[in-house]
Structure formats: C-alpha cells, structure tokens
Amino acid sequence: MVMENLDIEYTDIDYFEIVVTKTYSNARIDLLLSNVIEGVSRSRLKKLIDSEYICLNGRRTEPSHITKIGEIIQIRLPEPEFVNLKPQKIPFDQVYEDDNLLVMNKRANLVMHPGNGNYENTILNGLLFKYPESRKLPRAGIVHRLDKDTTGLVVVAKNRLAFDSLSSQILKRNIRRNYLALVWGNVLTKIEIEGKIERDRVNRLRFIISKTDKGKFAHTTVIPIGTGHLQNQKVTLVKCILNTGRTHQIRVHMEGVGYPIVGDVLYKRGSPRHLREKVMPRQALHAFSLAFFDPIKKYPMTFQVLPPDDLKKQIKEAGICLHQLLQ
C-alpha cells in the first residue's frame, strides 16, 4: 500500500509505505516518523530501523538518515505479543457476522484494546476468547477504533485476507463512517472542518486544531439534523462524516469550531460550565453508520444502529425527534 505523502491515516495496519514529498524532505527519518505515526515513540522507531522493520527503498537505513524527495519508506510494525494477554468472555452486541468479519455495536465504558497498563476487559480480550484463531492476526483483527466512551459500529476482521482488505479500504478512505453527536450551541448550516490537528502541548491527553503546519490533516463534515434545549441551553444534533480517521478527530473539531460535544470532559472548552458533567456522564457521540466493501466478494455492505438509551434520552429531552436520526 503506497501513500502519496506523509498524511498517514491513523489505522491499525501493520505494513505501509510512504513516498517522501518536498514538504517532508531534508529531515531525519526517525524524527520525521515520530511526528507522523501515532503512538510510536522515537526510541522505538530507532529500534525498528535497527532491526530492519523500517527500510528505505527496500534497503537498510539509519535513524539519522536525511530524507530526500522520492524516497520510499517501508514500515512494518511487528505484531503485538499476545502471550500475556488473557482471553476473557466479554459480551458483544453483535450486529452481523460471517466467515470473514464481525460487526458489533460497541457500548460505552469499553476499551478497544489493551494499553497504558490496562491489559484486561477490552474488546481484544473478548476476541481472543471467542475466536482463539484471532491470535494469528494483528490486534486480533481490529482495524479501526472508537474511544472508550464512544458507542456504535465497529468492524473486525476474522482472517488475514479480510484484515488486509479492510485495512486497505481505511487507508484509501473507502470505508464510510458517520457519527451522531449532540453538541452545545445552534449549528445552523453544514460545516466542512479541514486542517491539521496536533497534540496539545499543555495537556498531552488532548489534541487541538493546529495553528501552524504541524500535525496531521483531518477533515470532518458536520450536518445539522435538529435543534433543541437542555437545561435552557441550546443544543444541536449533528451528523458527522469522518472523512479522515484521526485520534479524537470529531471531538477535537467540534470543540475547535465552538460546538463542543455534550458530556465531553476532555474537550469541553465552550460548553456551559455548570452543566459540563451533569447532563450526561460521557461524550454524546455515537457511530451510527458504517459502510464498506465485502473483503472477499467486493459488494457494498452498509450497517446502521440507533443510539443507546442514555443518548436517546438526552435527544428526547432536548425536544429533537428521533425519527430524523437515520434519514
């Protein structure tokens, strides 16, 4: 898979290639990659380069190599070690399943995969329990992620052919992911939010819309569905089309344009202070629609699910009609 620039989609594939463009030339390869690959430290990148998991034009390179226009960086991230990960019976709200893939409706307060010292009670642990053969797949078949308290549709591959196909579709932006968000404020018209986002230097848990050229390009389309009031404050139910898939993208974008998501305690700037954690204990964000091509037979597949009860309740209390949700 070849990317035409260094605008890498945040996905879980274990191999990809990068063609160096003018913008990203004349930089140390380890420093460059640490800025564009999410979740991989510079020290780990050096080890990957030394171990030839990262090559340049098909050959061994050095962490100090200065990139040139037209060079191709090949990156293969080693598959995670599942030896110490415990299979656990985790209940899934299963929407669809066949021999190649599983589509689930993820609930709130459920982490996708182990990390940050948390190695239990994740979707990945559940996949290892239900599908022991998933140990042979990168991340047990998980090809995209939802935040812990974001609900909605997730597709998981059950074999390598499906994993490679779905990962490729994400990279090529052929998987359509649409979300519903209840946001503070009155969104009057369609909004196209485009630009780079980068990690917040003050709070490293957050991302922000970049005011410089740093960060990764992100694009969200926001379409208002209905307006109402919660606790005498205006709110809008919006459809968010995820044109790229950056970490916290929708949450970052909605805060950045002045319409923070109801209940979001991390991206809360612009929300009513006295209501930040009282209306809803989590971000009112739900992945309601997912469309992709069958990884083997190549025909289109589309899935939709209504929001969970806690979000439905807030939408109704705001006076917004539920029948508008899936139109």
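The legends below describe close-up views of a predicted model.

**View 1. Strand E6 and its burial.** Strand E6 spans residues 101–106 and is mostly covered, with six of its six residues buried. Covering extends to both faces of the strand. One side carries Leu101, Val103 and Asn105, and the other carries Leu102, Met104 and Lys106; all of these residues are buried.

**View 2. Pairing of strand E6 with strands E5 and E7.** Strand E5 (residues 94–97) pairs with E6 in the antiparallel sense, over three bridges. Tyr96 has Val103 of E6 as its bridge partner. The connection from E5 to E6 is a hairpin of three residues. E6 also pairs with strand E7 (residues 151–157), again in the antiparallel sense, and here six bridges are found. In this second pairing, Ala157 of E7 stands opposite Leu101.

**View 3. Helix H3 against strands E6 and E7.** Helix H3 covers residues 123–130, and six of its eight residues are buried, so the helix is largely enclosed by the rest of the structure. Its buried residues are Ile123, Leu124, Asn125, Gly126, Leu127 and Leu128. These buried residues pack against E6 and E7.

**View 4. Surroundings of Thr151.** Thr151 belongs to strand E7. Its relative accessibility is 2%, and Thr151 therefore counts as buried, since the limit for a buried residue is under 20%. Residues up to four places away in sequence being left aside, Thr151 touches Lys106, Arg107, Ala108, Leu146, Arg282, Leu285, His286, Ala287 and Pro308. One of these contacts, Lys106, is a buried residue of E6.

**View 5. The cavity lined in part by Leu102 and Leu127.** The model contains one cavity of 30 Å³ or more. The space in the largest cavity amounts to about 60 Å³. Its lining consists of Leu102, Leu127, Tyr131, Glu133, Ser134, Leu137, Ala140, Val156, Ala157 and Lys158. By residue class, the lining comprises seven nonpolar, one polar and two charged residues. Several lining residues also appear in the views above: Leu102 is a buried residue of E6, Leu127 is a buried residue of H3, and Ala157 of E7 stands opposite Leu101.

**View 6. Helix H5 and the strands around its buried residues.** In helix H5 (residues 249–256), seven of the eight residues are buried, so this helix is largely enclosed by the rest of the structure. The buried residues are Gln249, Ile250, Arg251, Val252, His253, Met254 and Glu255. They pack against strands E8 (176–184), E9 (191–199), E10 (207–209), E11 (216–230), E12 (233–242) and E13 (285–293). Gly258 follows H5 and has a positive phi, near 90 degrees.

**View 7. Cysteines Cys240 and Cys321.** The structure holds zero disulfides. Cys240 has 0% relative accessibility and therefore counts as buried. Cys321, by contrast, counts as partly exposed because its relative accessibility is 39%; the partly exposed class lies between the 20% and 50% limits.

Methods:
Residues are numbered from 1 along each chain as its sequence is written. This is a predicted model: local features need pLDDT of at least 70, side-chain atom pairs count only at pLDDT 80 or more; totals for chains, interfaces and linings use all residues. Side-chain values use heavy atoms; hydrogens and water are left out. Buried means under 20% relative accessible area, exposed over 50%, partly exposed in between (1.4 Å probe, protein chains only). Helices (H or I, at least four residues) and strands (E, at least two) are DSSP runs, numbered from the N terminus. Two strands pair if DSSP finds at least two bridges between them. Contact means heavy atoms within 4.5 Å. A disulfide is a pair of cysteine sulfur atoms within 2.5 Å. On a 1 Å grid over the protein atoms alone, a cavity is a set of points where a 1.4 Å probe fits but cannot get out, and a pocket is an open set with protein on both sides within 12 Å along at least five of seven lines; lining residues have an atom within 4 Å of a point. Grid points are joined across faces, edges and corners, and a volume is the space filled by probe spheres set on the points. Ala, Val, Leu, Ile, Met, Phe, Trp, Tyr, Cys and Pro count as nonpolar, Asp, Glu, Lys and Arg as charged, and the others, Gly among them, as polar.
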